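Me: I would like to go through this model in short questions. Please keep the answers brisk.

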Amino acid sequence: MNVRTAGEIKLMEQAGRLAANALVHTGKFVKAGITTDELDQIANDYILSHGGISACIGYQGYPKAICTSVNEVICHGLPGAQVLKDGDIINIDVTAIKNGFHGDTSSMFFVGEVTDSAKKLCECAFEAMHRGIKAIKAGGTTGDIGFAVEKYVTRKGLYVVREIGGHGIGKGFHEDPFIPSFGKKGVGPFLKKWGTITVEPMVNETSAPIDEIEIPDSDITIIVTSDGRLSAQYEHTVLITDNGAEILTLPS
Ligand code: MF3
Ligand code: CO
Ligand code: CO
């Protein structure tokens with residue numbers, strides 16, 4: 001796992017703030033009738049007009065600026081002609097590069113009124129992310145995070161996604177180590193002081209396996225629940241400190 005200098009941390013803070021502000025800005029436009037392509041353009045314009053670029057465009061052939069994952073889409077939802085409708089839940093995932101460093105954050109948004117079970121799923125993913133972040137300290141391991149996330153989600157009767165998770169982040173988009181949403185305390189790579197990672201649990205209503213949908217000319221696949229049930233996710237980029245973690249993707 002890479003560690004950052006004080007100067008690099010300042011740059012990571014700026015990249016994180018930009019991603020967070022772009023996410024909040026884009027989320028304000030979520031309503032029935034808007035297309036996910038329109039949300040993509042709104043996010044991209046915001047990032048470009050605030051001194052950054054999207055990390056997603058061209059990443060392993062991915063053609064869009066953000067990911068828009070609606071309902072049964074777990075992650076990497078591809079913006080397009082899809083029109084949002086009342087009752088949908090959508091994850092918007094923004095990764096911006098500023099000063100050569102990445103900030104990566106995502107959040108759920110409701111389109112009009114959504115069902116109680118959809119709200120419960122989203123609340124669970126939100127709380128699971130924060131429990132994971134609270135489990136972080138220098139000298140701990142990635143398994144500490146996964147344990148905290150999995151325990152909370154399982155107790156709610158919901159299911160964590162195991163195949164995809166968080167990652168180291170910095171000059172690179174996806175650096176080591178993998179940050180699982182499952183695991184055992186004390187197991188896995190060590191967390192280092194001044195390391196920067198993402199915590200991004202994906203929580204499903206179902207234990208059904210995931211399915212992958214190809215994106216033409218890209219190595220990125222759209223991940224969905226194979227039975228069409230809902231999935232939710234939240235993501236922050238964080239800095240590992242002696243006694244905890246500082247969230248770098250807070251909006252200003
Ligand atoms: N932002 C995603 C993550 O949290 C990765 C998206 S890669 C893309 O790691 F190419 F699909 F944009
Ligand atoms: Co990420
Ligand atoms: Co992300």
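Me: How far does a polar side-chain atom of aspartate 93 lie from a nitrogen atom of ligand 1?
Reply: This is a predicted model. A polar contact needs a pair of N or O atoms within 3.5 Å. The aspartate 93 side chain offers a polar atom to a nitrogen atom of ligand 1, and the distance is 3.1 Å.

Me: Which residue has a polar side-chain atom 3.2 Å from a nitrogen atom of ligand 1?
Reply: The atom on the ligand side is a nitrogen. The partner atom is polar and belongs to the side chain of threonine 95.

Me: What is the distance from an oxygen atom of ligand 1 to an N or O atom in the side chain of histidine 167?
Reply: His167 is among the closest of the 14 residues that surround ligand 1. Its side-chain N or O atom is separated from the ligand oxygen by 3.1 Å.

Me: How much of the accessible area of ligand 1 does the protein cover?
Reply: Ligand 1 sits in the largest pocket. On its own, the ligand has 340 Å² of accessible area. The protein covers 97%.

Me: How many residues of the shell around ligand 1 are nonpolar?
Reply: The shell also has four polar and four charged residues. Cysteine counts as nonpolar, and Cys56 is one of the closest residues. The nonpolar count is six.

Me: Which residue in the hairpin of β11 and β12 takes a positive phi near 60°?
Reply: Strands β11 (residues 210-214) and β12 (residues 221-225) run antiparallel, joined by five bridges. Isoleucine 213 pairs with isoleucine 222 of β12. Six residues lie between the strands, and the positive phi belongs to aspartate 217.

Methods
Residues numbered from 1 in each chain as written. Chains lettered and ligands numbered in written order. Predicted model: local features only at pLDDT ≥ 70, side-chain atom pairs only at ≥ 80, totals over all residues. Heavy atoms only, no water. Pairing = 2+ DSSP bridges. Helix = DSSP H or I, 4+ residues; strand = E, 2+ residues; numbered from the N terminus. Near = heavy atom within 4 Å. Polar contact = N/O pair within 3.5 Å; in protein donor to acceptor, adjacent residues only side chain to side chain. Areas by Shrake-Rupley, 256 points an atom, 1.4 Å probe, with all protein chains shown as cover. 1 Å grid on protein atoms, 1.4 Å probe; cavity = no way out; pocket = protein on both sides within 12 Å on 5 of 7 lines; lining within 4 Å. Sits in = over half its atoms within 2 Å of the grid points.
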